[in-house]
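Please look through the sequence and the model below before reading on. The explanation is meant to be followed with the structure open beside it.

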Amino acid sequence: MTKSKGSAGPITKEQREDLVAASLILAQHGVLDAFGHVSMRHPADANRYMLSRNLAPELVTSADIVEYDLDSEPVDANAPRGFLERYIHGEIYKARPDVHAVIHTHSPSVVPFGVTRTIMQPIYHMSGFLGRGVPVYDIAKESGRQTDILVREPGHGRDLARVLADKPMALMRGHGNVVVAQDIRVATYRAIYTEMNARLQLQAMMCGGPIEFLSKEEALLTEATLEGQIHRPWELWKAKVKIR
Ligand code: MN
């Protein structure tokens, strides 16, 4: 196979499988449906990232992975059509050298927290990472105009990355969220448990009375413990999807 011009080269079979698996796993958990996407920074070149072509996450196969530069232009000029919102990925990779995986979702239970004054906070140990803070990106406020809500311009992506700052997750008003991590497994974990936390927090609110969220210290301690256990959910989740 001829290497396309300027490509950083192939990624390993396991890395490619993990990227495909993440889309399938998130679809299986109802975090992604026909929309949303998962990317991975290229393991051999920090200035590139890998993202599927414009396709529903559940249909993604290894053959659908496209290499992009950080301006979100495909490295291969003949690459299939990409996602309108791919700037979410490129601009976050530019702003966050520590981030090696980005997930954009319309995770249904998180949406209320992007449109109300209710702050999403860690309800249990599984979502301790939320204790680092949950910013809300408002495209109208950041861009100063009315849009179709999609992060379809590099400038929108830069605004989103600035609002995300050093956090693991940002809500997107009237849209969904973006989740980042040091690798694809932790990012997938965080996207799933952000959805779970949102559901549980809404249920706790229905119980009434003040909610005893995890303290900041508890949140950080649980985050460290859980991320050391990431192999366990990952093995389970990966075994339950059919990677092609
Ligand atoms: Mn979207």
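The paragraphs that follow take up the sheet, then the metal site, and then the cavities.

The model is a predicted one, and a convenient place to enter it is the sheet, which is open and made of seven strands in the order 3-2-1-4-7-6-5, with mixed pairing. Strand 3 and strand 5 (136-137) stand at its edges, and because each has a single partner strand, one side of each is left without a neighbour in the sheet. At the strand 3 edge, the partner is strand 2, and the two run antiparallel, joined by five bridges. To find this pairing in the model, one may start from tyrosine 49, whose bridge partner in strand 3 is tyrosine 68.

From the sheet the reader can turn to the manganese ion, whose protein donors are Glu85 through OE and His104, His106 and His175, each through NE2, at 2.1 to 2.2 Å from the ion. Along the sequence these donor residues follow the spacing E-x18-H-x1-H-x68-H. Within this set, glutamate 85 and histidine 104 are 19 residues apart and link distant parts of the chain, since glutamate 85 lies in the loop between strand 3 (65-69) and helix 2 (87-95), while histidine 104 belongs to strand 4 (residues 101-105). Glutamate 85 and histidine 104 are both buried.

The remaining features are enclosed spaces, and with a threshold of 30 Å³ or more the count comes to two cavities. The largest has a volume of about 50 Å³, and its lining consists of Leu19, Ser23, Gly36, His37, Val38, Leu51, Ser52, Pro57, Val60, Ile65 and Phe83. Helix 1 (13-28), strand 1 (37-41) and strand 2 (48-52) are the elements that give two or more residues to this lining. By class, the lining of the largest cavity is made up of seven nonpolar and four polar residues, with no charged residue present.

Which element gives the most to the lining of the second largest cavity? That cavity has a volume of about 30 Å³, and the residues around it are His125, Met126, Ser127, Gly128, Phe129, Tyr189, Thr222, Glu223, Leu226 and Glu227. Helix 7 (residues 216-227) gives the most, with four residues. Divided by class, the lining of the second largest cavity has four nonpolar, four polar and two charged residues, whereas the lining of the largest cavity has no charged residues.

Technical notes
Residues are numbered from 1 along each chain as its sequence is written. This is a predicted model: local features need pLDDT of at least 70, side-chain atom pairs count only at pLDDT 80 or more; totals for chains, interfaces and linings use all residues. Side-chain values use heavy atoms; hydrogens and water are left out. On a 1 Å grid over the protein atoms alone, a cavity is a set of points where a 1.4 Å probe fits but cannot get out, and a pocket is an open set with protein on both sides within 12 Å along at least five of seven lines; lining residues have an atom within 4 Å of a point. Grid points are joined across faces, edges and corners, and a volume is the space filled by probe spheres set on the points. Ala, Val, Leu, Ile, Met, Phe, Trp, Tyr, Cys and Pro count as nonpolar, Asp, Glu, Lys and Arg as charged, and the others, Gly among them, as polar. Donors are N, O and S atoms within 2.8 Å of the metal (3.2 Å for Na, K and Ca); water is not among the atoms, so sites may look incomplete. Buried means under 20% relative accessible area, exposed over 50%, partly exposed in between (1.4 Å probe, protein chains only). Two strands pair if DSSP finds at least two bridges between them.
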